[in-house]
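Me: I would like to go through this structure with you, taking its internal spaces first and then its helices, strands and unusual backbone geometry. Please reason briefly each time and finish on what I asked for.

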Amino acid sequence: MLAGGSGTRLWPLSRQQLPKQFLCLEGTENLLDATVGRLQPLIGPENVMVVTAEAHASGEAFDLLEKYTTLLEPVGRNTAPAIAVAAAWLLDQLGRDPVMVVLPADHLIRNVQGFHDCLRLAAMEAEKGALVTFGILPTRADTGFGYIQVKPGPGAIFDVLRFTEKPDLETAERFLEQGGYFWNSGMFVWKASVILEAIREHLPAVHEVLQRIRKLWSVDEHPQEVLRRHFGDMPSISIDYGVMEKAGNVRLVPADIGWSDVGSWDAVYDISQKDEAGNVIDGDVLALSCSRSLLRSQRRLLAAAGLEDIIAVETDDAILICRRGDSQAVRKIVDVLKQQGRNHHIEHVTVRRPWGSYTVLEDHASGYKLKRLEVKPGASLSLQAHQHRSEHWVVVSGTATVTNGERTYTVAKNESTYIPIGQTHRLANRGKIPLQIIEVQVGDYLGEDDIERFEDHYGRAGE
């Protein structure tokens, strides 16, 4: 499972620290769990490996990832290096040459039985030494997808002639008129040894670093520590551009499986249930005389009147409004937020952590910040210190166990304590109910990076 993407086109719901693969876009199941679930009974969760960002595994997606075997990328290097280390890990650790199914963790598939049929066909072809991809028959000229041209012929699987990166509209329209083109789904099936040989041939720079990694794995060095030291030496390149466009043994299985990459708010609109006026309504929304619009509210009342073909998405700290059909431009909004030094693309107002969550209630440049912390039963924050702020904690629910310098003591409901600047401290919940704290930070600098960790249950000590 490739789960390292940032999902910028689904801002403001998807953020850098909790991108779309970890979100529930419909129902109560996040996209990663849904992707794993639809593999059963062909592939069980015990045979699933998730390749994701190291920051996700120790941050907001901690509890979603801890049930899976994971390989963690210390830095993003696109799909080719991610697939390379996964294939090498399977060969080296399993002692056999398995067929790999490579899936993005953030897609939707409606026709699960059809998906299983495609997997079986692709696996048989992969056993013969082919690099197999799934192609989606285009329903429109879309510039948001890559295209794959196949060699016409009989049968249920085709030879691939060429890959085309996301084209302009005129080219996409020509592809549809000509026929023989499929959307690139980003799903692949191959034997581990076959893709590694293709990487050796077509991506020697990736192969060279991978051999270093495998050599260190073979002498029992900690796998994740090896990746932390060497993964960043690989070039950043996609498997499509680096291998699939150059290899000669590529085949395509047409996949009529009700697929969507859920890559934009337009895609969310297309797959969602609509009312009689063609609206997609989610959350506390009052829509008067609106039609063909996506209106989604996370917290506040969203009231709309007379809107047609509009996308409006409300979160705690941001509202997106754009025309349907223009949602690909959301990525440009995120780029501008980065340029302006804002953090609205990085995290939500409520931020999940391995120990619980915190919600920013007020954030003022005048020297103070107000938060609500919720610590899960049995959990604790790291032993830490801040160089630029003091903290005042008021317990509003549960009982806190506080380490404050050399002292450790309890703080009950309706009691408070004070942590001076530079003081080593820790907050823990040894009770059976959630601990809720109101925290007031005071200082000249209140950034989340003003933290030095000395001990941590979640592998973050030393940061």
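Me: What volume does the largest cavity have?
Reply: The model is a predicted one, and a search of the whole of it turns up one cavity of 30 Å³ or more. The volume of that largest cavity is about 40 Å³.

Me: How many nonpolar residues are in the lining of the largest cavity?
Reply: The residues around the largest cavity are T35, R38, L103, P104, H107, I109, F115 and M187. Sorted by class, this lining has one charged residue and two polar ones, and the nonpolar residues number five.

Me: Which residues are the closest to the centre of the second largest pocket?
Reply: The second largest pocket has a volume of about 710 Å³. Its lining is made up of 27 residues, and the closest of them to the centre are I43, N47, V99, M100 and V101.

Me: Which element gives the largest share of the lining of the second largest pocket?
Reply: At least two lining residues come from each of β2, α4, β4 (99-102) and α5 (112-127). By class, the lining has 22 nonpolar, two polar and three charged residues. The largest share, six residues, is supplied by α4.

Me: At what angle do helix α4 and helix α8 pack?
Reply: Two packed helices are described by the angle between their axes and the distance between the axes. For α4 (residues 79-94) and α8 (residues 204-218), the axes lie 10 Å apart, and the angle is about 35°. The crossing in which α4 passes α8 is right-handed, so a full description of this pair joins that hand to the distance of 10 Å and the angle of about 35°.

Me: How many residues of the contact of α4 with α8 are nonpolar?
Reply: From α4, the contact draws on P81, A84, V85, A88, W89, L91 and D92, while α8 brings V206, L210, I213, R214 and W217. Two of the contact residues are charged and no polar residue is present, while the nonpolar ones number 10.

Me: Which strands are the edge strands of the open sheet β1-β2-β3?
Reply: Strands of a sheet pair through backbone hydrogen bonds, either parallel or antiparallel. In this open sheet of three strands, ordered β1-β2-β3, the pairing is parallel. The strands that pair on one side only are β1 (2-3) and β3 (69-73).

Me: Which residue in β3 is the bridge partner of V50?
Reply: Strand β2 (residues 49-53) is joined to β3 by five bridges, in the parallel sense. Across this pairing, the bridge partner of V50 in β3 is T70.

Me: Which strands stand at the edges of the open sheet of four strands, and why is one side of each left without a neighbour?
Reply: The order of this sheet is β12-β14-β16-β17, and its pairing is mixed. The twist from one strand to the next averages 5°. Each edge strand has a single partner strand, so one of its sides has no neighbour in the sheet, and these strands are β12 (280-282) and β17 (319-323).

Me: Which residue of β16 stands opposite S297?
Reply: Strand β14 (residues 294-297) and strand β16 (residues 310-314) pair over four bridges in the parallel sense. Opposite S297 in β16 stands E314.

Me: Which residue in β25 is the bridge partner of W393?
Reply: Strand β22 (residues 389-397) runs antiparallel to strand β27 (residues 435-443), to which eight bridges join it, and in β27 the bridge partner of W393 is E439. β22 also pairs with strand β25 (residues 416-419), again in the antiparallel sense, over four bridges. In β25, the bridge partner of W393 is T417.

Me: In which loop is P41 found, given the cis peptide bond that joins Q40 and P41?
Reply: Most residues other than glycine have a negative phi, and most peptide bonds are trans. The bond from W11 to P12 is cis, with omega near 10°, and P12 is in the loop between β1 and α1 (31-37). The bond joining Q40 and P41 is cis as well, with omega about 10°, and P41 sits in the loop between α1 and β2.

Me: What value is phi of V262 near?
Reply: V262 belongs to the loop between β11 (259-260) and α11 (265-271). V262 is a residue other than glycine, yet its phi is positive, with a value near 45°.

Notes:
Residues numbered from 1 in each chain as written. Predicted model: local features only at pLDDT ≥ 70, side-chain atom pairs only at ≥ 80, totals over all residues. Heavy atoms only, no water. 1 Å grid on protein atoms, 1.4 Å probe; cavity = no way out; pocket = protein on both sides within 12 Å on 5 of 7 lines; lining within 4 Å. Points joined across faces, edges and corners; volume = space filled by probe spheres on them. Nonpolar A, V, L, I, M, F, W, Y, C, P; charged D, E, K, R; others polar. Axes fitted to C-alpha atoms, helices over the stretch in contact; angles between N-to-C directions. Contact = heavy atoms within 4.5 Å. Pairing = 2+ DSSP bridges.
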